[in-house]
Amino acid sequence: MQELAARPRRPKQVQRKIVRAIVDGVLLLDKPRGMSSNGALQTARRLLNAAKAGHTGTLDPMASGLLPLTFGEATKFSQMLLDADKTYEAVVQLGIETDSGDAEGAVLASRPVAVERAQLDAVLENFRGDIEQVPPMYSALKRDGKALYEYARAGIEIEREARKVRIHALELLDFAATRFSIRVACSKGTYIRSLAMDIGSALGCGAHLCALRRTRIGAFDVADALTLEALEAQPAEARAGLLAPADTLVAAYPACHLDAEQARGLLQGRVLALGDAGTEGLAVGLVRVYGPQGFLGLGQWQLGGKLAARRLIATGADAPGASA
């Protein structure tokens with residue numbers, strides 16, 4: 001009997017392990033319309049080859065504009081921007097209501113529009129200051145562990161309670177018969193699509209949001225932001241140098257400077273009794289803390305001149321210098 005030839009063994013497939021770099025800092029991104037916030041984050045993370053990344057609040061795919069992304073130790077301070085005031089520029093279409101409140105939704109109703117500018121000005125006045133707003137169904141708010149938009153996509157309407165938000169400024173930029181554009185400076189938790197729908201309801205013709213651009217978050221402005229194309233155009237080794245340091249996220253808090261021994265004690269978890277000497281009359285509350293080698297994180301300034309750690313960066317005393 002002829003012997004069968006031995007079958008050649010398949011070569012083992014070697015799975016390449018992606019080695020991520022330690023990248024710390026904040027990227028002010030000008031997110032393009034049509035891309036999800038997570039898609040923008042993952043693209044930027046790939047371009048930076050960053051090991052750890054996060055964002056400071058999402059933008060809908062339909063929206064463009066300022067999306068600060070955090071990398072490495074800066075992710076610990078993302079909440080600071082989630083709580084910050086924001087500014088948007090929006091275009092609102094009158095006469096058409098959609099199920100999502102924006103241009104991507106299905107049309108629910110269409111009505112004739114006979115709105116004069118003076119009438120629109122009068123209605124906008126009612127939406128300045130503290131207002132109550134019902135969050136839209138197409139939002140990421142959770143109910144029983146599921147986002148509201150998941151219920152909405154399944155055709156389920158969930159009852160939502162109105163929430164108080166503040167419209168710091170509401171400026172009419174342009175008006176043309178059935179469409180107008182506005183600039184809105186508002187508190188956290190404000191939904192611009194809900195604002196558009198409520199304005200349309202007050203005018204008696206309905207409305208939806210057809211364009212949205214975020215121009216400001218806290219002290220950050222979209223004029224200082226980079227596009228993904230601009231980031232990709234940079235040499236790979238130069239991209240991390242475009243990031244702002246982590247302490248820019250907490251720049252609104254007063255600074256507290258420690259010597260080497262004090263910094264070591266704080267990093268070891270001790271509450272420091274600093275008194276008033278050299279603290280420039282710090283008030284009780286959060287402070288930025290710096291040691292001889294740079295930013296250490298956030299501390300809690302307490303009565304009696306005591307300082308306790310609140311949120312420290314992992315690099316601690318080895319942190320590179322940061323701006324104070």
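Modeller: Contact here means heavy atoms within 4.5 Å. This is a predicted model, in which local features need pLDDT of at least 70 and side-chain atom pairs count only at pLDDT 80 or more, while totals for chains, interfaces and linings use all residues. Residues are numbered from 1 along each chain as its sequence is written, and side-chain values use heavy atoms, with hydrogens and water left out.

Colleague: Which residues is S187 in contact with, leaving aside its neighbours within four places in sequence?

Modeller: S187 lies in the loop between β11 (179-186) and α5 (192-203); helices (H or I, at least four residues) and strands (E, at least two) are DSSP runs numbered from the N terminus. S187 is buried, because its relative accessible area is 14% and buried means under 20%, with exposed over 50% and partly exposed in between (1.4 Å probe, protein chains only). Without the neighbours within four places, the contacts of S187 are D85, V165, R166 and H168.

Colleague: Is S181 buried or exposed?

Modeller: S181 is found in strand β11. Not counting residues up to four places away in sequence, S181 touches A90, V91, E171, L172, L173 and D174. With a relative accessibility of 17%, S181 counts as buried.

Colleague: Is α3 parallel or oblique to α5?

Modeller: The axes of α3 (residues 117-125) and α5 come within 10 Å and cross at roughly 125°. Axes are lines fitted to C-alpha atoms, for helices over the stretch in contact, and angles run from 0 to 180 degrees between N-to-C directions. Angles under 35 degrees count as roughly parallel, over 145 as roughly antiparallel, 65 to 115 as roughly perpendicular and the rest as oblique. The crossing angle therefore makes α3, relative to α5, oblique.

Colleague: How many nonpolar, polar and charged residues has the contact of α3 with α5?

Modeller: From α3, Q119, L120, V123 and L124 meet I199, A202 and L203 of α5. Ala, Val, Leu, Ile, Met, Phe, Trp, Tyr, Cys and Pro count as nonpolar, Asp, Glu, Lys and Arg as charged, and the others, Gly among them, as polar. By class, the contact of α3 with α5 has six nonpolar, one polar and no charged residues.

Colleague: How many disulfides does a search of the whole structure find?

Modeller: C205 is buried at 3% relative accessible area, and C256 counts as buried at 4%. A disulfide is a pair of cysteine sulfur atoms within 2.5 Å. For the whole structure, the number of disulfides found is zero.
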